[in-house]
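Here is a short, friendly tour of the fold in front of you. Have the structure open as you read, and follow along topic by topic.

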Amino acid sequence: MPKGLKNWNYRDVTTFLKEKGFIFFEQKQGSHEAWISQDSRCVVEINYTKKSYPPRTLETMIRQSDIAKKEWHNWTKR
């Protein structure tokens, strides 16, 4: 389980996005995937990896999702 905004992996990100109404949209080049919000307003590109994402990569996914960083942070406290 991630702590705050550190140690997020593929499973954590996709589980969070699913809970927020995102669905898998399409396979991109290589190991990248596109996940889209239900209202089709936001697309998050995720690189499938077994490692944790670097903080800047996670920050990019947070911006793409248009979900407040605080919600991402609070999700880890469940």
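Two strands are taken to pair if DSSP finds at least two bridges between them. With that in hand, E26 can be placed: E26 stands opposite A34 in strand 2. Please keep in mind that this is a predicted model.

**The sheet**
- Three strands form an open sheet in the order 1-2-3, and their pairing is antiparallel.
- The edges are taken by strand 1 (23–27) and strand 3 (43–47); each has a single partner strand, so one side of each is left without a neighbour in the sheet.
- On average, and with direction ignored, neighbouring strands of this sheet are turned by 35° against each other.
- Strand 1 and strand 2 (residues 32–36) run antiparallel and are joined by four bridges.

**Helix 1**
- Helix 1 (residues 10–19) packs on the sheet, where it touches strand 2 and strand 3. The direction of helix 1 makes about 160° with that of strand 3.
- At the N-terminal end, N9 acts as the cap of helix 1, with a side-chain oxygen 3.1 Å from the backbone nitrogen of R11.
- After helix 1 comes G21, which has a positive phi, near 95°.
- Which residues of helix 1 are buried? They are Y10, D12, V13, T14, F16 and L17.
- The cover over these buried residues includes strand 2, strand 3, helix 2 and helix 3.

**The nonpolar core**
- The largest nonpolar core has 17 residues, and V13, L17, I46 and W72 touch the most other members.
- At least two residues of this core come from each of helix 1, strand 3, helix 2 (55–65) and helix 3 (69–75).
- Helix 1 gives the most, with four residues.
- Setting aside residues up to four places away in sequence, W72 touches L5, W8, V13, F16, L17, L58, M61, I62, S65 and I67.
- Two of the residues that W72 touches, V13 and L17, are also among the buried residues of helix 1.

**The loop around S37**
- S37 sits in the loop between strand 2 and strand 3.
- Is S37 buried or exposed? Its relative accessible area is 9%, and buried means under 20%, so S37 is buried.
- The side chains of S37 and D39 are joined by a polar contact of 2.6 Å.
- Beyond its neighbours within four places in sequence, S37 is in contact with G21, F22 and C42. Of these, G21 is the residue with positive phi that follows helix 1.

Terms used: Residues numbered from 1 in each chain as written. Predicted model: local features only at pLDDT ≥ 70, side-chain atom pairs only at ≥ 80, totals over all residues. Heavy atoms only, no water. Axes fitted to C-alpha atoms, helices over the stretch in contact; angles between N-to-C directions. Contact = heavy atoms within 4.5 Å. Core = buried A, V, L, I, M, F, W, Y, C linked by side-chain atoms within 4.5 Å. Buried < 20%, exposed > 50% of the residue type's maximum accessible area, 1.4 Å probe, protein only. Polar contact = N/O pair within 3.5 Å; in protein donor to acceptor, adjacent residues only side chain to side chain.
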